[in-house]
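Student: Could you pick one part of this model and take me through it closely? I'd like to see how its pieces fit together, and then how other parts of the chain are put together.

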Amino acid sequence: MNSKTVGYNFQQIEKKWRAYWEKNKTFHALNNTEKPKFYILDMFPYPSGSGLHVGHPLGYIASDIFSRYKRHKGFNVLHPQGYDSFGLPAEQYAIQTGQHPSKTTQENIDRYRDQLDQMGFSYDWSREVRTSDANFYKWTQWIFLLLFEHYYCVDTDKAQPVNDLITLFEKEGNSKVNAVCSPGIEVFSAEDWKGFNPVKKEEILLGYRLTYLSETEVNWCAELGTVLANDEIINGVSERGGYPVTKKKMKQWSMRIGAYAERLLQGLEMIDWSDSLKEMQRNWIGKSIGAKVFFEVEGHDEKIEVFTTRPDTLFGVTFMTLAPELELVQKITHPDQKNEVEAYIKATQQRSQRERMADVKNTTGVFTGGYALHPFTGDRIPIWIGDYVLADYGTGAVMAVPCGDQRDYDFAKHFDLPIKNIFKGVSVATEAFSDKATAVIDHSDFLTGLPYKQAMEKVIEALEEKGCGSGTVNYRLRDAIFSRQRYWGEPIPMYYKEGMPQPLSLEDLPLRLPDVEKYLPTPEGAPPLGNAKSWAWDTKSRKVVGNDAIDHKRVFPLELNTMPGWAGSSWYFYRYMDPKNDEEFVGKEAAAYWKDVDLYLGGSEHATGHLLYSRFWQKFLFDLGLLPVEEYAKKLINQGMILGTSAFIYRKPGTQTYLSKDLLNDTETFEPVRVDVNLVNASDELNIEGLKKWQVQFETAEFKSNKGVFKVGREVEKMSKSKYNVVNPDEICEQYGADTLRMYEMFLGPIEQAKPWNTAGISGVHNFLKKYWRLFYNEDQWIVNEEKPSKQSLKALHETIKKVTSDIEQFSFNTCVSSFMICVNELTQMNCHSREILTPLTVLLSPFAPHIAEEMWERLGHAESLVAEPFPIVNESYLVEDTKNYPVSFNGKMRFTLSLSLSLDQEGIKQAVLQDTRTAEYLQDAIPKKWIIVPNKIINIVY
């Protein structure tokens, strides 16, 4: 303990303790200990060039508080961090500058690491992972190969080796195989299988493999030069850059996530995730129970397969609508309708799925000239195409029942198509469809007079008897496109022989990214890996060789696509358990000890991307016996956003004249222009000279202000570099310290909610830490004493222990900060400097403000870090009240309060009240007629 100090020098203190933690490996977790384990994980960041802003650390601070708390509670805590370091921004920068993405990524990681360290996070950096590290993506590639070598068996409800499937084919063909597979696989016998050539066999197997190659309609973004998943598109444009997205047919790798749809749904019941996030996943998976119905097409061999949740309405079908992009459309279109159909298809390709789904106002479509035949009546049903039907939802075909569906009704009315009412006692003209789910079926042959449930059972039975349909379950969840036409991603470990993909083996991995001169697609349109001069596989030497050696006998071309961004993030949480293992993706002992993530923190924007794909991979690896649990994250918290407060100045249209906000009026139009919030002070006053230096467009501009004070307008919105409303945490740490930043971000509000950043409010938290410091020091003098604490100070401490412990367990960190402030204020008012109080208070504070807590712990005379010090336990006896503040009333009117001992009986209470001088003032010599005393509640004197 130092008896002298120079005040709260947070910069010196924080630097000192960060160095101590690093030197002593304070936060390194062990894989073999008798302590109970607790694994807490942040969604690892993509290291962008702009670094962290104050919104990014919100979840990191919350997880760090809980990590430190759990260490105090005696747990062996695994709290790792790494980088999701494959990504499009680094590649785009490489395209612009020619600099290799690995160099950009390393520079960005160095920047992130400095910022993360500055905030005092208790990460075990010895376990750091990076998805772009070949030693990491070796195992991502291996998992891909495992998926390729397995299929989904419906009978066992799990993944099984493809070799088992081949054995079945050799013995009895595929007629009895109950497996998830691609549509259109022909039935064959064992003899047929034996007669197929190797290419034909591989084509069939691709229809079963959990990762497979197929001709697929994809979301193509020309500006980014790659395919995008549905969750990477927002309002019809790419999430990254906002570029147009169109539909395009391409040969792509896909993953059969749909095989796990039901298990993904059921697994949600096993995990403690928010209801809103679970509902997002349920909706994305989109389970529907109904029937598939086959309609023959007049004059064609093809049949139209329809999935419907209401097969009982089959007799109400008056037309059919197909998704314009279905291949079947071209086959059944009458020559007279060909030009109109092709024009409509072309127009549809310019719209995204989201646009088509969201557009409920416009009704468009084209008649194909073809007719389907009703499976029971044989009636001719006109076949239309309409963009409200999507090819990758259901079968891409709708049996239109305009009396029972709003969109079908609108379509029929718009194109003057027949509407047949099959609901008893319900008027179609009302366009009210909500009451038809329970209506009795009418005008429907053998279904007439049946209620909904009986009609459903009856029609499915009839469809199955007739061989034109069956009851089934459908899922909206589509197989995930896995290929990306990018350079900066994991190479897919496949080569091509006779046009068919052939897998590398584990011994061949990692298949490392080659060097290329250009990061753009080749002139022929091939992905960037097509620019590599050495990207061929020698099957004898098992090495990558030059392309000029390709002979299609021994040396074959390698896959040119790379994996998507979600590949590495689908399993990285297990690599943290055993990051240095060269033999396995995670060792059995490490996996058995850590098992799963106890607490996972990240944004809800990943609900239908990372959080769904990772659950899919988890279940697959669980099926293979490689992981001990079927769900990897017991509890998930979605932290809210810290919003930016953007700043605007106002320009007269067509001029370079800008007005202060307080000069605006309703008679003129002004254009809001964003400016950097760092040029605005706490009073919303703009630094005009700084603005002129910031951007050249403002150098010669005219600024009109009120008495020399130029005010900006404010608007709360997402914190973003493009909105110039980013606040750099480095500057906050420099001015106020990391402990202040940590506590302030928690103080802003509940962790799950969005809240605006306000730099002006941070001084209050900083003042609190200085007040806490002054419990130990008066100016430069150490004032901690050995005095026995008072009842009041013990009560203040233990109330805080009770509240903070409870609130941490509930992740209510904002109320914890309030409790600390109340406690320190009370102790200050009591002039309490007792070691017996300040020692546990310091441990209590340490998860939130670890640097100052470590410093005060050392100055209290401790040689070891307080990281593993037991967390204070509340002593309820200090919270028991021994006095009561009674309200004293006269003739029912409360006049004053009086603090009395709870041990007093009624006579003692009377005497204490009578002895109080205020009682005589109100009685004015009157004699009390009646005393009403309710112990521990009220005193009322009637006179």
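**A sheet, and what lies elsewhere**

Tutor: Let's start from a single pair: Ser254 has Ile481 as its bridge partner in β17. Please keep in mind that this is a predicted model. The pair belongs to the antiparallel contact between β9 and β17, which is made over 2 bridges. Ser254, in β9, also has Tyr212 standing opposite. That takes us to the pairing of β5 with β9 (residues 246–255), which is antiparallel and runs over 10 bridges. On we go to β6, which is joined to β5 (residues 211–221) by 3 bridges, again in the antiparallel sense. One of the pairs here is Asn219 with Leu228 of β6. Put these steps together and you have an open sheet of 4 strands, in the order β6-β5-β9-β17, with antiparallel pairing. Its edges are β6 (226–228) and β17 (480–481), each of which pairs on one side only. As background, strands of a sheet pair through backbone hydrogen bonds, either parallel or antiparallel.

You can set a second sheet beside that one. It is open too, with 3 strands in the order β21-β20-β22 and antiparallel pairing. Here β21 (543–545) and β22 (555–557) are the edge strands, each pairing on one side only. If you ignore direction, neighbouring strands in this sheet are turned by 40° against each other on average. Strand β20 (residues 536–538) meets β22 over 3 bridges, antiparallel, and Asp538 has Val555 as its partner in β22.

For a parallel pairing, look at β1 and β2, which are linked over 3 bridges. Lys37 has Asn76 as its bridge partner in β2. Why call β1 enclosed? Buried here means under 20% relative accessible area, and 6 of the 6 residues of β1 (residues 37–42) are buried, so the strand is largely enclosed by the rest of the structure. Lys37, Tyr39 and Leu41 are buried on one side, and Phe38, Ile40 and Asp42 are buried on the other, so that both faces are covered.

In the loop between β2 (76–78) and α3 (88–97) you will find Tyr83. At 0% relative accessibility, Tyr83 counts as buried. Beyond its neighbours within four places in sequence, Tyr83 touches a list of residues including Phe44, Pro45, Ile109, Trp125 and Arg130. Arg68, in helix α2, is buried as well, with a relative accessible area of 5%. Away from its neighbours within four places in sequence, Arg68 has contacts that include Trp21, Phe121, Arg742, Pro850 and Val867.

Helix α2 (57–72) also helps to cover the buried residues of α25, as do α22 (738–747), α23, α24 (791–809) and α26 (835–845). α25 (residues 813–829) has 17 residues and reaches 25 Å from its first C-alpha to its last, close to the 24 Å expected at 1.5 Å a residue. Among the buried residues of α25 are Phe813, Cys816, Phe820, Cys823 and Leu827. Just past the helix, Asn831 takes a positive phi of about 55°.

Now for how the helices pack. Two packed helices are described by the angle between their axes and the distance between the axes. For α22 and α25, the axes come within 7 Å and cross at roughly 115°. Met743, Met746 and Phe747 of α22 meet Phe813, Asn814, Val817, Ser818, Phe820 and Met821 of α25. By class, this contact has 7 nonpolar, 2 polar and no charged residues.

The second helix pair has another geometry: α23 (residues 762–773) and α27 (residues 850–859) have axes that come within 12 Å and cross at roughly 5°. Angles under 35 degrees count as roughly parallel, and α23 and α27 are therefore roughly parallel to each other. Leu769, Tyr772 and Trp773 of α23 make the contact with Ile852, Met856 and Arg859 of α27. Those residues divide into 5 nonpolar, no polar and 1 charged.

Methods: Residues numbered from 1 in each chain as written. Predicted model: local features only at pLDDT ≥ 70, side-chain atom pairs only at ≥ 80, totals over all residues. Heavy atoms only, no water. Axes fitted to C-alpha atoms, helices over the stretch in contact; angles between N-to-C directions. Parallel < 35°, antiparallel > 145°, perpendicular 65-115°, else oblique. Contact = heavy atoms within 4.5 Å. Nonpolar A, V, L, I, M, F, W, Y, C, P; charged D, E, K, R; others polar. Pairing = 2+ DSSP bridges. Buried < 20%, exposed > 50% of the residue type's maximum accessible area, 1.4 Å probe, protein only. Expected span 1.5 Å × (residues − 1).
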